[in-house]
Each structure stands twice: as structure tokens, then as C-alpha cells.
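Hi,

Here is the structure I said I would pass on. Have a look through it first, and then read my notes underneath.

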Amino acid sequence: MSEAPKDSSSAPAKGKGKEKDKEKEKEPASKGGRSSKTSAAAPADAGTASKKALAEALIGAPIRVKPGRNPDSEAEPGPRVHKFWDTQPVPRLAAPVDPTQPEALEEGNIEGLKKVEDEPTTPYPIPEAYEWFTPDVLDPQTLDQIYTLLAENYVEDDDSMFRFNYSREFLLWALTPPGWFADWHVGVRVRKTGKIVAFISGIPVRLKVRATVMLMTEINFLCVHKAIRSKRLAPILIKEVTRRVHLKDIWQAVYTAGIVLPRPIARCQYWHRNLNVAKLLSVGFSRIPPNFQKFGRPLEATKRHYALPDSTHIEGIRPMMPEDVPQVTKLMVDYLQKFPLSPVMSEEEVAHWLVPRQGVVYSFVVEKGGKVTDLISFYNLPSTVIGNDKYKDLKAAYSFYNVATSVDLPTLMTDALVLAKQREFDVFNALDIMENMKFLKELKFGQGDGHLQYYLFNWRFKDIQPCEVGLVML
């Protein structure tokens, strides 16, 4: 599915990109944003370095893009050629689908009807020194190899200060939802040594796309070892996982990326809320702006600015429990149906994604008179801090799914910040999707300059605004 240390479109704080530098703005700025993701039938995230390698492999020419920025906005005048994506069933960048124009194309399947029997039954060829394999993520040793590949080669910010550090427990959670397919976890290893050097994953997701509900694959974790990015394995990985998905008679995919590829259906942005001011300043994630430096003790002034209550405010708030799943499912279904792009979750899926897992996902409900009325959830995606003698990691909470019915959303999310701070998170990150703009500015989130693009593979879809996106990808 679909992630803030030093913000950059590829930095470990998903959705990277430094916070906008507003020297006259009241809020102290912090670096933050989400990392790019690219997909199988679509793109998946490979990190700053990976991102550049991926872009070079797919676009066909070296580019130097500051993470979180739009590579096409800095291109030479005229249409950009995407050697890989221009061969895929995705809309072209030069052909926007504007829902306000009468000539807008109808939404729906791009390729037309296809048959499983027409798909290749053997994997795509790769260089002789490597071989395909299907990692068994339930095997601790294999999972450890995937963890090591991602920890050392996945999303990293442009200044090499932060790198995503998905935990083994997080990866197991992300890769094994209800109905997952083992062969949608695609690995490449060195034939002689068995070392894993590339990976991409897909998981099943039921997605409501406007009025249509369909089973798709959600692509994530595209990663190629830094030493072999010249082998141009990224497009082959994407084609191979697409082939395997097609063999299950599934023809659409959803994915996100920090770079602009053909063609986004929505462009979203990450916002960041400081929780541990001193640490964020020390590691270079945040900075004190000039208007705070006028105080005699600017650090203390900044701490006061971001201070939170010691305890939650809402009566009846508590950790979610397995027995809450039926009520939480109804709460989620009723809330998410208002968004043109949103998941349709069963009780089994809600239990998987939202029942708390220590160090992975944190969920809380508000219960009043035996009825669950509100939901808070966020997940833990830390980053390794590179080259800092004092701190080795940055603990980031990412907003997941939040539903407010008995209180307003800012009140609910104030308690979310308190709960995250109590659990020693350093920063709280959120996209401007769903109804998040109702609380982002009010609760002193800082705006990142990186964007996260949402994409659909083999489905033409009119552009939507971030507030119309109801899907969170890890």
C-alpha cells in the first residue's frame, strides 16, 4: 500500500520534501514529506537514490530532481518521453482528463477485456547473474533479508540524512493482509550467493473508484540494491509483478509515487507536526525560523509553541480491542463511502489493519454508552538518522484512518497528537487527504514541499482533489 524525516519526496519521512520556507510565517518550519512509491503494474517506492534510478530507467534519461519536486516542471519545453510508461495502459501526461470539459474521456478500463490464458506463464528474462524467486515472508530469515535490503537501500533523502527503517513486524503486517498471494512478493537474488538484491510487492485491495468497486492490487516496496541500479531492473520488476497479478484475473492496480509519472489522478501533500522539538532541531529535520529567533530563548519559545496537554481530553477514549471490530467496520464504511477513491474493507481487513500491534499500528476508539462513536489510528514508520552522533533514529507517526462523529475532527486529532507524544513519537505526519485540512493548520502542522501522487493502472479516471482521496497507502 502506501510515507518523515528530512522531508523530501524520497526521504524517509514518507512524502518528503522540506517544509516550505516561509520566513515570515508564524510556524517553525520542519523538513518533511512523504517518500515516493512506484508500482508493479504501477510504480513503487525505491528511495531517493532508487527514485532517481527508477526515473532514469523509466524515463530514459538521467535527471536530477530534489526529492518531493515535480521533475516535469523542470524539464525542457515540450512533451517528455516516458520510454516505459508510454507503453503501459495509463493516461499520457500530455492528455489531461479535466472533468469540467465536455470532451473528457469516459472513466473505465483502458486496455479493454483481456484473458488470463493470453498472459505469459513464464517470468520475464533478467541478466544471467540473477534469478527470480518468491520470498517466503513468513520465514524469519527470509523476512530479515528483505528488511536488510530495504533498510540499506530504500527511501533516503537527498542529503543522505535520513532513511526509512520499516521494522520486520511492520513489513509482515504490510505484506500479509487477508487474501494475500505469496507470488505477488517478487524478489531477485544473485544466482551464486542467494543474496536478495531487488524486491517489489503487491497485495489485494477492494477499491471503490467512484461508483465502481473492484478488486485491484496495491503495489509497494519497489527496491533495487544501490550497487546494481545500472542493470535497469525496476521496469522488469514492475512488468513481472503485473504479469503475476494478471494471472489471478486482476487487471487494475493502485500505487503512489513522489515523482510525476503518466498520469496522476491526485496530487497530495504531506504536513508535519513537531512533537519532540529539541530532537527534530538536533537531527536537522526542523529549524527555528527568523521570527522565533528574535526571542531571548528561541528554543524554549518553540517548545512552548508546540506544547501539548499531558493527557487526552475526550471522555471514553481508549485503545481499540478486537471486539470493537464490527462497530469500527461500520464506522469506517459509513465514513469512507463519501470519497470517490476509497477502500471497501471487510471486518477481517479492519481487524488486520486497525487492531493495535505494538510498535506497528496504534488505534483508539471513543466509546459512549457501549457504542463506538469515533476512531483514531496512526502507524509507526521510523527513519534511521545518518551521521548524527547523538540520535540514531527518528520516530514518526503517520496518520492512518480517523473518524469523528461525537466531537469535531480538530478535537479528535488533538488527542491523537497527545497519544502519539505519550508513546514517544518525535513527529506526526499527515497527508492533506480526506478531511485532514480541517485540522492541519489549526493544530500547527507545517506544510511540506513534497507531493505524493496517486495513480491507477489500466483505469481511466478523472482527476480528483486530495480531499476526495480516502485511501491511505503505507
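Below is what I found, starting with confidence and then going through a few places in the fold.

**How far to trust it**

Keep in mind that this is a predicted model. Mean pLDDT for the chain comes out at 84, with 80% of the residues at 70 or more. The start of the chain is another story: pLDDT stays under 50 over residues 1-18, and again over residues 21-78. The model does place contacts there beyond four places in sequence, 174 of them for residues 1-18 and 259 for residues 21-78. I'd read those with the low pLDDT in mind.

**Strand 16 and its partners**

A good place to begin is strand 16, residues 427-431. Five of its five residues are buried, so the strand is largely enclosed by the rest of the structure. If you look at its two faces, V427, N429 and L431 sit on one side and F428 and A430 on the other, and both faces are covered.

Which strands pair with strand 16? One is strand 8 (residues 266-274), which runs antiparallel to strand 16 and is joined to it by five bridges. Within that pairing, you'll find R273 opposite F428. Another is strand 15 (residues 396-399), which pairs with strand 16 in the parallel sense over three bridges. There, A396 stands opposite V427, and Y398 has N429 as its bridge partner. To get from strand 15 to strand 16 the chain passes through helix 10 (residues 409-422), and this β-α-β crossover is right-handed.

Strand 15 is itself covered on both sides: A396 and Y398 point one way, A397 and S399 point the other way, and all are buried. Strand 15 also pairs with strand 12, this time in the antiparallel sense, over three bridges. F378 is the residue you'll see opposite S399 in that pairing.

**N380, in strand 12**

Staying with strand 12 (residues 371-380), take a look at N380, which belongs to it. Is N380 buried or exposed? Its relative accessible area is 10%, and buried means under 20%, so N380 counts as buried. A polar atom of the N380 side chain lies 3.0 Å from the backbone oxygen of G359. Beyond its neighbours within four places in sequence, N380 is in contact with F170, G359, V360, Y362, K395, A396 and F425. A396 in that list belongs to strand 15, where it points the same way as Y398.

**A three-strand sheet**

There is also an open sheet of three strands, in the order 3-13-14, with antiparallel pairing. Strand 3 (162-164) and strand 14 (393-394) are at the edges with a single partner strand each, so one side of each has no neighbour in the sheet. Strand 13 (residues 383-385) pairs with strand 14 over two bridges, and S383 stands opposite L394 there.

**Two nonpolar cores**

The largest nonpolar core has 80 residues, and the ones touching the most other members are Y379, F400, Y454 and L456. Apart from that core lies another, of 27 residues, which includes Y130, A198, L233 and A253.

**Two more buried residues**

R243 lies in helix 4 (residues 233-246). With a relative accessible area of 6%, R243 is buried. What does its side chain reach? The backbone oxygen of T122, at 3.5 Å. Leaving out residues up to four places away in sequence, R243 touches E119, P120, T121, T122, P123 and Y124, so if you want to see what surrounds this arginine, show that stretch along with helix 4.The other is I196, in strand 5 (residues 196-209). At 5% relative accessibility, I196 is buried too. Setting aside residues up to four places away in sequence, I196 touches F133, T142, Q145, I146, L149, V188 and R189. I196 and T148 are 48 residues apart in sequence, while their C-alpha atoms are 9.1 Å apart in space.

That's it from me for now.

Cheers

Methods:
Residues numbered from 1 in each chain as written. Heavy atoms only, no water. pLDDT = per-residue confidence, 0-100. Contact = heavy atoms within 4.5 Å. Buried < 20%, exposed > 50% of the residue type's maximum accessible area, 1.4 Å probe, protein only. Helix = DSSP H or I, 4+ residues; strand = E, 2+ residues; numbered from the N terminus. Pairing = 2+ DSSP bridges. Right-handed = clockwise from strand over helix to strand, strands pointing away. Polar contact = N/O pair within 3.5 Å; in protein donor to acceptor, adjacent residues only side chain to side chain. Core = buried A, V, L, I, M, F, W, Y, C linked by side-chain atoms within 4.5 Å.
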